[in-house]
Each structure stands twice: as C-alpha cells, then as structure tokens.
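Work through the exercises below with the sequence and the coordinates open. Each task is followed by a solution in steps.

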Amino acid sequence: MIHEAIYKLYPNVKIIREDKEGTITALTIDETKVTINMDDVNAKVTELEQEETNKKETKVSAYRKMDMTDEEIIAIDPTLKEYL
C-alpha cells in the first residue's frame with residue numbers, strides 16, 4: 001500500500017523502485033528522482049487502510065441487511081471473512 005500512497009501524494013511519480021533493504025526511490029516518467037516525505041506517505045497509508053476497512057464494513061452491513069449468513073457472505077466475497 002506504500003506504493004499506492006506515493007502515487008496518490010506525488011502524481012508526477014510514475015516509477016517506484018525498492019531495493020533489498022527497503023529503500024524506496026520514486027521517479028518521474030523520465031526517471032528524474034522525486035523527493036518523498038515518508039512521514040506523509042505513512043500517514044497516507046493509514047488513511048488508505050482505514051478507507052479500505054470502511055468499505056468492507058459497509059459491504060458486510062449491506063449483506064447483513066439482506067439477512068445473509070456468514071457463510072453466504074464469505075461465498076460471495078472471501079475477503080470479508082475478517083470483518084464478520
């Protein structure tokens with residue numbers, strides 16, 4: 001999700017490289033290095049994770065309103081298992 005956060009915060013970034021040590025290099029399309037603020041990136045990751053959680057909880061709530069069982073919900077969308 002770090003890459004997604006970088007792309008959202010820095011729309012000019014088109015290439016992300018990560019080495020074995022986990023060092024991230026963000027580049028424009030012409031491979032010019034873009035300086036990124038990892039504190040901002042980490043905050044954006046947290047925000048994106050919360051958005052994803054909210055979407056999944058909303059799905060579960062909608063299925064519950066249709067009186068679906070846990071098994072039926074999982075059959076439709078196995079990714080919701082941890083939200084049941």
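The exercises cover the sheet, the nonpolar cores and one loop residue of a predicted model.

**Exercise 1. Determine the strand order of the sheet and the pairing of its strands.**

Step 1. Take strand β1 (residues 15-18) and β2: four bridges join them, and the two run antiparallel. One of the residue pairs is I16 with A26 in β2.

Step 2. Turn to β2 and β3, which pair in the antiparallel sense over two bridges. Here A26 has V34 of β3 as its bridge partner.

Step 3. Put the pairs together: the sheet is open, has three strands and follows the order β1-β2-β3, with antiparallel pairing. Because β1 and β3 each have a single partner strand, they stand at the edges, and one side of each lacks a neighbour in the sheet.

Step 4. Add the helix: α1 packs on the sheet and touches β1 and β2, its direction making about 145° with that of β1.

**Exercise 2. Find the residue with a positive phi in each hairpin.**

Step 1. Between β1 and β2 the hairpin has five residues, and G22 in the turn has a positive phi of about 90°.

Step 2. The hairpin of β2 and β3 also has five residues between its strands. In this hairpin, E31 takes a positive phi near 65°.

**Exercise 3. List the residues of the largest nonpolar core and state which element gives the most to it.**

Step 1. The core has twelve residues: A5, I6, Y10, V13, I16, I24, A26, V34, I36, V41, V45 and L48.

Step 2. Assign them to elements: α1 (2-9), β2 and α2 (38-65) supply at least two residues each. The most comes from α2, with three residues.

Step 3. Examine V41, one of the core residues. Apart from neighbours within four places in sequence, V41 is in contact with I2, A5, I6, L9 and Y10.

Step 4. Look for a further core: another one, of five residues, lies apart from the largest and includes Y63, M68, I73 and L80.

**Exercise 4. Is T28 buried or exposed, and what does T28 touch?**

Step 1. Locate T28: its place is in the loop between β2 (24-27) and β3 (33-34).

Step 2. Compare its accessibility with the cut-off. The relative accessible area of T28 is 14%, and buried means under 20%, so T28 is buried.

Step 3. List the contacts. Leaving out residues up to four places away in sequence, T28 touches N12, K14, I15 and V34.

Step 4. Check the side chain: a polar contact of 2.3 Å joins T28 to the side chain of D30.

Key: Residues numbered from 1 in each chain as written. Predicted model: local features only at pLDDT ≥ 70, side-chain atom pairs only at ≥ 80, totals over all residues. Heavy atoms only, no water. Buried < 20%, exposed > 50% of the residue type's maximum accessible area, 1.4 Å probe, protein only. Polar contact = N/O pair within 3.5 Å; in protein donor to acceptor, adjacent residues only side chain to side chain. Contact = heavy atoms within 4.5 Å. Core = buried A, V, L, I, M, F, W, Y, C linked by side-chain atoms within 4.5 Å. Pairing = 2+ DSSP bridges. Axes fitted to C-alpha atoms, helices over the stretch in contact; angles between N-to-C directions.
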